[in-house]
Amino acid sequence: MSWRELFNGRDLSGWAATGDAAGWDVDGGCIRCRAERGGYLYTLDRFEDFELSLEYRTEPRCNSGVFFRWSDLQDPVNTGLEIQILDTWGQEQDRHSSGALYDLVAPPQDVARPAGEWNRMLLTCRGPRMRLEQNGLHAWDVDVDDYDTPGRCPDGTSSKYRYAWKEMPRLGHIGLQDHGGVCWFRELRVRTG
């Protein structure tokens with residue numbers, strides 16, 4: 001299958017917001033999170049098995065994320081998996097670092113670039129397997145079927161999720177998060193099949 005553009009570079013056609021839609025706009029051919037309580041911006045279409053490619057750039061201290069397989073628009077935090085976007089360049093890595101599968105898997109190395117620089121993500125979801133490369137570096141490779149207990153990771157540590165990811169729908173929206181700080185997204189493409 002060929003790549004399909006999720007963003008046309010001109011307007012937010014194909015996207016909707018869960019919060020204040022004015023918190024999201026188009027700036028220089030990019031989707032911009034203006035950090036004005038925009039909530040989440042999400043694709044109207046839903047995806048199950050796919051590759052997602054995008055680039056993002058943040059201001060210092062920005063906190064955002066890319067959500068995927070997000071099944072309930074009223075509950076993104078528990079029904080969407082999140083790739084963390086956070087100004088953590090040069091810091092020790094944990095499950096909340098930039099590039100982490102939020103609260104589930106830490107990247108093995110610093111995969112983020114400093115605030116102000118563009119970062120590239122490539123997310124692959126096939127059945128229970130999910131993999132992220134960021135800036136050409138391996139971030140994580142996960143079998144979601146291993147997450148079979150609500151609030152627990154396979155290693156026994158706790159997580160924020162109320163549901164077992166093994167039981168969650170795999171068909172869901174792709175979303176961008178406004179959690180404080182201005183950021184830009186561009187080159188958003190998806191390939192299914």
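## A tour from strand β6 to the cysteines

Start by selecting F50, which you will find in strand β6, residues 50-58. Keep in mind as you look around that this is a predicted model. F50 is buried, at 1% relative accessibility. Show what surrounds F50: leaving out residues up to four places away in sequence, F50 touches F68, R69, L123, T124, C125, R126, I174, V190, R191 and T192.

Now extend the selection to the partner of β6. Strand β9, residues 119-126, runs antiparallel to β6, and seven bridges join the two. To see one of the pairings, pick Y56 and look across to β9, where its bridge partner is N119.

Next, follow β9 into strand β10, residues 129-134; these two strands also pair in the antiparallel sense, over six bridges. A good pair to highlight here is L123 with its bridge partner in β10, L132. Then move to the turn of this hairpin, which has two residues between the strands: G127 takes a positive phi near 55° there. Draw a distance from G127 back to your starting point. The C-alpha atoms of F50 and G127 are 9.5 Å apart, although 77 residues separate the two in sequence.

Which residues have the most contacts inside the largest nonpolar core? Select F68, W140 and F185, which hold that place in a core of 43 residues. Stay on W140 for a moment and display its surroundings. Beyond its neighbours within four places in sequence, W140 is in contact with F68, I83, G99, A100, L101, V105, L123, M130, R131 and L132. You have already met F68 and L123 among the contacts of F50.

Turn next to T79 in helix α1, residues 76-79. Is T79 buried or exposed? T79 is buried, because its relative accessible area is 4%, under the 20% cut-off. A polar atom of its side chain lies 3.1 Å from the backbone nitrogen of D72. Setting aside residues up to four places away, T79 touches R69, W70, S71, D72, Y163, W165 and M168.

Finish with the cysteines. How many disulfides does a search of the whole structure find? The search finds zero. Select C30 and you will see that the nearest cysteine sulfur, that of C183, is 11 Å away. C30 is buried, with a relative accessible area of 6%. Now select C33, which is buried too, at 0% relative accessibility. The closest cysteine sulfur to that of C33 is in C183, and at 4.4 Å the pair is too far apart for a bond, because a disulfide needs the sulfur atoms within 2.5 Å.

Key:
Residues numbered from 1 in each chain as written. Predicted model: local features only at pLDDT ≥ 70, side-chain atom pairs only at ≥ 80, totals over all residues. Heavy atoms only, no water. Helix = DSSP H or I, 4+ residues; strand = E, 2+ residues; numbered from the N terminus. Buried < 20%, exposed > 50% of the residue type's maximum accessible area, 1.4 Å probe, protein only. Polar contact = N/O pair within 3.5 Å; in protein donor to acceptor, adjacent residues only side chain to side chain. Contact = heavy atoms within 4.5 Å. Core = buried A, V, L, I, M, F, W, Y, C linked by side-chain atoms within 4.5 Å. Pairing = 2+ DSSP bridges.
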